[in-house]
Amino acid sequence: MCGIVGHLGPQNSVDVVLEGLKRLEYRGYDSAGVSFISSDNNLKIYKKKGKIQNLIDELADKEIHARSSIGHTRWATHGGVTDNNAHPHVCEDMGIAMVHNGIIENAGELREFLIGEGVKFKSETDSETFLGLLIYNVKQGKEIKEAVIESFKKIEGFSAFVVLNKETSEIFSIKNGAPLVCGMNEVNSEVLVSSDPYALAGIANKIYFPEDQVLCHLSAGNANLLNFYELDGSKSTRYISKSQSMDHNPAEKGEFEHFMLKEIYEQPELIRSLTQFYFQGEGKESLEQAVDLPRTNLHVTACGTAYYAGLVIKDFFEQINRIPCRPEVASEFRYRDPILNKDDLALFISQSGETADTLAAQELCKKTGMKTLSIVNTEGSTLFRDCNVNLLIRAGMEIGVASTKAFTQQVLTGRTLSAVIANGGMDDNLKNSLATKYSLLAERIEELLERSDEIRTVAGEIYRKQGFFYTGRGVYFPIALEGALKLKEIAYVHAEGYAAGELKHGPIALIDEEKVNVALVGPELYEKTVSNIQEIKARKGIIVVVGPQGKKDLEEIADYYIPINFDGLEELSPLYINVVNQLLAYHIAKFLGTDIDKPRNLAKSVTVE
Ligand code: M6R
């Protein structure tokens with residue numbers, strides 16, 4: 001979705017902002033723009049629909065030396081995809097430019113009021129009403145800082161705003177329920193703001209996560225480059241800060257053609273490090289706190305891939321811990337008036353920690369007085385800040401829009417919690433037994449990754465087919481759902497995940513020689529699953545079996561057989577099969593020539609409902 005980058009400092013600000021916007025491309029957008037104060041002290045603005053490259057091309061022959069700049073990638077909500085609707089929105093006469101993420105819910109009535117006050121609008125966006133409010137407040141005689149605060153107070157809905165003021169070269173930012181992060185490099189006297197910490201990696205050595213309704217003030221040339229204020233103008237301490245390593249650059253794809261592939265290959269290493277983090281490292285305390293939370297019932301709420309991770313985690317909690325577990329997608333949960341009790345535990349799973357529906361569901365649970373726990377990747381994200389206890393999944397930055405390594409780490413984090421609860425606490429024996437298990441999983445995944453070409457060959461045979469049904473039973477059912485999601489989002493082909501026994505209750509009507517059944521077969525319920533494959537085969541469906549190695553019947557029934565070694569993996573085997581699905585989706589998408597890391601219509605973090 002929309003992305004924001006602002007920069008103030010000695011190096012050419014426009015370059016920093018454009019580089020930041022390029023890093024945010026993975027979030028999905030349809031136009032981009034930048035505004036800056038030129039060396040002859042004019043407020044400049046350039047915006048273009050389409051790729052950031054269009055904007056870069058537009059700027060290519062201009063001599064630009066700017067010390068402060070703001071930029072934006074827009075994902076249209078109000079008003080079409082046009083140069084004019086792109087951000088920044090600017091009032092040249094007053095020397096003010098602004099960008100916005102989110103939705104201004106009362107834009108209609110504000111616009112009417114502002115038009116009545118003589119404010120002129122240039123775009124169809126809701127965002128421009130904030131500029132209108134700034135113009136109105138400045139005309140009323142307010143200083144820019146006060147004008148930002150007063151304008152912000154009038155806004156309804158989840159939003160983040162960044163404002164560049166020409167007269168003072170300052171940048172202001174403020175948010176409510178939308179992501180915003182500030183960064184600083186004291187050595188270079190640089191300050192930054194962005195909707196995503198990824199834009200700041202390698203530039204800022206300290207990052208700050210302000211809370212809602214905290215005004216961030218970025219200024220150059222004095223001792224305090226970055227200040228935080230409350231809405232009454234007093235200094236604020238409502239932010240968290242952390243140091244950031246400067247040598248880590250997650251933007252590098254290295255030897256890999258796509259971030260998605262790189263992230264699939266990172267899984268073994270990440271899996272191996274998880275027990276260390278939770279039993280001896282920084283995660284120990286939060287895991288202990290999580291174990292102490294009340295948990296008569298467990299409500300698991302999330303979206304997309306994170307929700308499917310929740311379905312796997314549900315199996316752990318119900319089968320191993322016998323805790324009743326209710327998984328639900330956040331967009332439904334939040335409007336359903338769910339039955340929630342104080343002794344229940346609300347678990348939220350999210351890679352970004354910024355998914356609007358998941359945040360709203362968390363807010364709802366918090367209001368009932370329930371304890372809230374997150375399994376989350378992004379430290380400092382809104383979800384991270386709002387939950388009582390957070391279990392970090394330690395997946396590192398995930399850039400591919402299709403979530404891969406985050407799923408694996410989410411499930412393993414859930415498994416770790418379930419194991420500690422079952423064990424009645426943490427001890428070395430448990431640590432060692434989990435570490436051995438996780439290490440076996442990592443080893444098996446490494447073996448699978450070595451077989452990527454074999455999976456590519458299967459992909460090459462089936463990528464032109466008209467539809468895909470992923471089927472599985474029990475623990476493999478959520479993996480079937482996740483496999484289908486992965487394929488449809490990156491390859492743009494129709495795919496559905498089904499419980500293997502459910503196909504004959506309707507969808508089997510679709511089966512013919514143009515449809516593929518990716519059958520996920522585990523050691524449990526083996527015969528029953530094979531019978532389900534027979535039913536598809538009898539209707540001429542193409543059968544891809546991902547199942548136990550050395551099975552004659554599978555070899556006979558399958559058009560393509562991807563044999564795997566389940567031995568010793570037990571309840572972690574769904575994660576193993578899932579990597580086959582990740583690679584299959586990747587290779588099919590590659591054959592179809594889609595934009596794998598940035599699939600059409602999708603955003604990495606979905607910050608609107
Ligand atoms: O950041 P989150 O984990 O909360 O995101 C949830 C979903 O939007 C996300 O998993 C989405 O389904 C992915 N694109 C799937 O690959």
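The legends below describe close-up views of two sheets in a predicted model.

**View 1. The antiparallel sheet of eight strands.** This open sheet has the strand order 3-2-4-1-10-9-11-14, and its pairing is antiparallel. Strand 3 (43-49) and strand 14 (239-243) each have a single partner strand, so one side of each is left without a neighbour in the sheet. On average, neighbouring strands of this sheet are turned by 15 degrees against each other, direction ignored.

**View 2. Strands 2 and 3 with helix 2.** Strand 2 (residues 31-37) runs antiparallel to strand 3, and seven bridges join them. Ser35 has Ile45 in strand 3 as its bridge partner. Helix 2 (residues 52-59) packs on the sheet and touches strand 2, strand 3 and strand 4 (68-74). The direction of helix 2 makes about 135 degrees with that of strand 3.

**View 3. The parallel sheet of five strands.** The order in this open sheet is 21-20-22-23-24, with parallel pairing. Strand 21 (495-499) and strand 24 are the edge strands, each pairing on one side only. Neighbouring strands are turned by 15 degrees against each other on average, direction ignored. Helix 15 (residues 452-462) lies across strand 20, strand 22 (515-520), strand 23 and strand 24, and runs at about 155 degrees to strand 24.

**View 4. Strands 20 and 21.** Five bridges pair strand 20 (residues 467-472) with strand 21 in the parallel sense. Thr471 has Tyr498 in strand 21 as its bridge partner.

**View 5. The β-α-β unit at strands 23 and 24.** Strand 23, helix 18 (residues 552-557) and strand 24 form a right-handed unit. Strand 23 (residues 542-548) and strand 24 (residues 560-564) run parallel and are joined by five bridges. Val545 stands opposite Tyr561 in strand 24.

How values were computed: Residues are numbered from 1 along each chain as its sequence is written. This is a predicted model: local features need pLDDT of at least 70, side-chain atom pairs count only at pLDDT 80 or more; totals for chains, interfaces and linings use all residues. Side-chain values use heavy atoms; hydrogens and water are left out. Two strands pair if DSSP finds at least two bridges between them. Helices (H or I, at least four residues) and strands (E, at least two) are DSSP runs, numbered from the N terminus. Axes are lines fitted to C-alpha atoms, for helices over the stretch in contact, and angles run from 0 to 180 degrees between N-to-C directions. Contact means heavy atoms within 4.5 Å. A crossover is right-handed if, with the strands pointing away from the viewer, the path from the first strand over the helix to the second runs clockwise.
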